[in-house]
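Student: I have a model open and want to learn how to read it. Where do we begin?

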Amino acid sequence: MQISEDFDTVKEVSAPEDDYKPYKLWMPKRVVITPDALKEPYGQEMYERIKSQGLQVEELKNNRITGLRGATERETYKIAKNTLAIVNAPPSAFNLRPIPPSADWQFHLAEGCPAHCQYCYLAGSLSGPPAIRVFANLPSILNNLERFERLNKPVTFEASCYTDPLSLEHLTSGLEKTIKFFGERENSYLRFVTKFDAVKPLLNIPHNGHSRFRISLNAEPVAKRLEGGTASVPARIKALRKLAQPKELGGGNYPIGVVLAPIMPIPDWELHYSNLFDQLEQNLNFPCDLTFELISHRFTPGSKDVLMEWYPNTSLEMDEASRATKTNKFGGTKYVYIKDTMKALKSFFEQQIARRFPKATILYWT
């Protein structure tokens, strides 16, 4: 899927040493900063960083973000997806919530994502238009994590529930600051995931093995059809290789992870996912600390309604009649694949990983 210039402005990136063309960095059409965010040193830093890249930053008179609504939901989506707002995270952001099976706790560098994935899990999860909000009080957010640490016991923190942090890094440097913070902690470990490939600025950060850099991957037909505005699958895999390579080879020496999501039983799915594993095996052909997370496609009634407003012509399969239902602890309903389909998918992926990456760990299947 090609995203038109109506949806995002892009900026060319100089090609790295690898033999693939990197994805163009996302550049918002509108950037705003609230008065409270401008009082924060990190807010001022982002303000100057963004201006240095040739973008205008609008200083708001109050802390409300306006001008995001269009005449239709589709127009609202278009306006919001091109807006970057520098704001302070609200007080509620400091009361962390557990997020099993991904991590012990979740916290947020930002909310919203510039990509255009037609199955977007943020649909229905965040209120209001899907503008990208980055948090100027990040230092306070990071210092707050100490409340959730445990003496002599490792604790994991997920930082990408509501955003793709790498997609914003060239504008914020928030991921760099967060990786450095965790590199200095004794028993705290950072986890985040991305569909982008601009990893070069992060390779030399002293992470001390405390940040697991995960890349979200899918079969080529799914990525091309449903993951608009993201780096190509080959580019992501090349980035994953660079992240895992030893420092002496120019890599980042990170613990890495592959998030296969959302897994879909598309026509010839075994062939397409086997091709994906072929690429992974060719690129991760050296010892590395590797995990897998396997997530099948699911949706809720609310997320389907939002996605159909955002992507009215989507080819994403969301047929409730062909799905099974699951109820969460809050009484909400989500639609998942039927038992036989889930069993076949799970068996295939577990066998592929066991054969190709016998030392890797599968963290969960869902």
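Tutor: Begin with the naming. Helices and strands are DSSP runs, numbered from the N terminus; a helix needs at least four residues and a strand at least two. The model is predicted. Now take S173: this residue is found in the loop between α5 (165–172) and α6 (174–183).

Student: What is notable about the phi of S173?

Tutor: The general idea comes first. Most residues other than glycine have a negative phi. S173 is not a glycine, yet its phi is positive, about 60°.

Student: Is S173 buried or exposed?

Tutor: Buried means under 20% relative accessible area, and exposed means over 50%. S173 has 3% relative accessibility, so S173 counts as buried.

Student: Which residue in the loop between α4 and β11 can I set beside it?

Tutor: Look at N152, in the loop between α4 (138–144) and β11. N152 also has a positive phi of about 60°, and N152 is not a glycine. Its relative accessible area is 63%, so N152 is exposed.

Student: What about peptide bonds? Which one precedes P101 as a cis bond?

Tutor: Most peptide bonds are trans. Here a cis bond joins P100 and P101, with omega about 0°. P101 sits in the loop between β6 and β7. Another cis bond joins A261 and P262, with omega about -15°. P262 lies in strand β15.

Student: Next, the sheet. What is the order of its eight strands?

Tutor: The order is β6-β7-β11-β12-β13-β15-β16-β19. The sheet is open, and its pairing is mixed. β6 (97–99) and β19 (361–365) stand at the edges. Each has a single partner strand, so one side of each is left without a neighbour in the sheet. On average, neighbouring strands are turned by 30° against each other, direction ignored.

Student: How many bridges join β7 to β11?

Tutor: Two bridges join β7 (residues 103–106) to β11 (residues 155–158), and the two strands run parallel. Find W105: it stands opposite F157 in β11.

Student: Which strands does helix α9 touch?

Tutor: α9 (residues 269–283) packs on the sheet and touches β13 (211–217), β15 (256–263) and β16 (290–296). Its direction makes about 170° with that of β15. Helix α11 (residues 339–356) packs on the sheet too, touching β15, β16 and β19. The direction of α11 makes about 170° with that of β19.

Student: How far apart are the end C-alpha atoms of α9?

Tutor: They are 21 Å apart. At 1.5 Å a residue, the 15 residues of α9 should span 21 Å, so the two values agree.

Student: Which residues of α9 are buried?

Tutor: An α-helix has 3.6 residues a turn, so residues three or four places apart point the same way. In α9 the buried residues are W269, Y273, S274, L276, F277, L280 and N283. Their cover includes β13, α7 (220–226), α8 (233–244), β15, β16 and α11.

Student: One more loop residue, please. Where is T314?

Tutor: T314 is in the loop between α10 (301–310) and β17 (324–327). Its relative accessible area is 16%, so T314 is buried. Leaving out residues up to four places away in sequence, T314 touches Q118, L226 and M308.

Student: Which backbone atom does the side chain of T314 reach?

Tutor: The backbone nitrogen of L316, at 3.1 Å.

Definitions and conventions. Residues numbered from 1 in each chain as written. Predicted model: local features only at pLDDT ≥ 70, side-chain atom pairs only at ≥ 80, totals over all residues. Heavy atoms only, no water. Buried < 20%, exposed > 50% of the residue type's maximum accessible area, 1.4 Å probe, protein only. Polar contact = N/O pair within 3.5 Å; in protein donor to acceptor, adjacent residues only side chain to side chain. Contact = heavy atoms within 4.5 Å. Pairing = 2+ DSSP bridges. Axes fitted to C-alpha atoms, helices over the stretch in contact; angles between N-to-C directions. Expected span 1.5 Å × (residues − 1).
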